[in-house]
Amino acid sequence: MSDPRKEPRPDADGFAEEAERPSGGIVREFWDFLKQNKKWWLTPIIITLLLVGLLVLFGGGAAAPFIYTLF
């Protein structure tokens, strides 16, 4: 058996290496979340929310007359 007083090697689990790796941003983290947790059903919800957000954003500007003709 191993000695419980013996400290594990710092690189045993790669935690330090993972912490020093640069993050890819929120989009990359969301993509990793979808892949790891198999939450693919969230994708159409997020896309729909982004499209509605774009409509709201463009609806207040010069593109408003063109957007209103779609509805």
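**Exercise 1. Classify Phe33 as buried, partly exposed or exposed in this predicted model, and describe its surroundings.**

Step 1. The relative accessibility of Phe33 is 33%. Buried requires a value under 20%, and exposed a value over 50%. Phe33 therefore counts as partly exposed.

Step 2. Phe33 belongs to helix 2, which covers residues 26-37.

Step 3. Leaving aside residues up to four places away in sequence, Phe33 touches Lys38, Lys39 and Leu42.

**Exercise 2. Compare the span of helix 2 with the expected span, and state what follows the helix.**

Step 1. Helix 2 consists of 12 residues. The expected span is 1.5 Å times one less than the number of residues, which comes to 16 Å for helix 2.

Step 2. From the first C-alpha to the last, helix 2 reaches 16 Å, close to the expected value.

Step 3. The residue that follows helix 2 is Lys38. Its phi is positive, at about 55 degrees, although Lys38 is not a glycine.

Step 4. Lys38 is placed in the loop between helix 2 and helix 3. Its relative accessibility is 60%, so Lys38 counts as exposed.

**Exercise 3. Find which side chains meet in a salt bridge, and give the accessibility class of Arg28 and of Asp32.**

Step 1. The criterion is a side-chain nitrogen of Lys or Arg within 4 Å of a carboxyl oxygen of Asp or Glu. The count by this rule is 1 salt bridge.

Step 2. The partners are Arg28 and Asp32, with 3.8 Å from N to O.

Step 3. Both Arg28 and Asp32 lie in helix 2; they are 4 residues apart, about one turn of the helix.

Step 4. Arg28 has a relative accessibility of 44% and therefore counts as partly exposed. Asp32 is buried because its relative accessible area is 19%, and the cut-off for buried is under 20%.

**Exercise 4. Determine how the rings of Trp31 and Trp40 are arranged.**

Step 1. Two quantities are needed: a pair of aromatic rings is described by the distance of the centres and the angle of the planes.

Step 2. The whole structure holds 2 aromatic pairs. One of them joins Trp31 and Trp40, with 5.5 Å centre to centre and 65 degrees between the planes.

Step 3. An angle over 60 degrees counts as edge-to-face, so the pair of Trp31 and Trp40 is edge-to-face.

Step 4. Trp31 has a relative accessible area of 41%, so it is partly exposed. Trp40 is also partly exposed, with a value of 42%.

**Exercise 5. Identify the residues that form a nonpolar patch on the surface, and place Ile46 in the chain.**

Step 1. The patch is formed by Trp41, Ile45, Ile46, Leu49 and Leu50. Together these residues have about 510 Å² of accessible area.

Step 2. Ile46 sits in helix 3, residues 42-59.

Step 3. The relative accessibility of Ile46 is 31%, so Ile46 counts as partly exposed. A patch residue needs over 30%, and the 31% of Ile46 satisfies this.

**Exercise 6. Summarise the elements of the chain and its exposure.**

Step 1. The chain has 4 helices and 0 strands. Read from the N terminus, the elements run α-α-α-α.

Step 2. The chain has 71 residues, of which 10% count as buried.

Step 3. About 6900 Å² is exposed by the chain, and carbon and sulfur atoms supply 66% of that area.

Methods. Residues numbered from 1 in each chain as written. Predicted model: local features only at pLDDT ≥ 70, side-chain atom pairs only at ≥ 80, totals over all residues. Heavy atoms only, no water. Patch = residues over 30% accessible without salt bridge, like charges linked within 9 Å, V, L, I, M, F, W, Y side chains within 5 Å. Areas by Shrake-Rupley, 256 points an atom, 1.4 Å probe, with all protein chains shown as cover. Helix = DSSP H or I, 4+ residues; strand = E, 2+ residues; numbered from the N terminus. Buried < 20%, exposed > 50% of the residue type's maximum accessible area, 1.4 Å probe, protein only. Contact = heavy atoms within 4.5 Å. Phe/Tyr/Trp six-rings, centres within 6.5 Å; stacked < 30°, edge-to-face > 60°.
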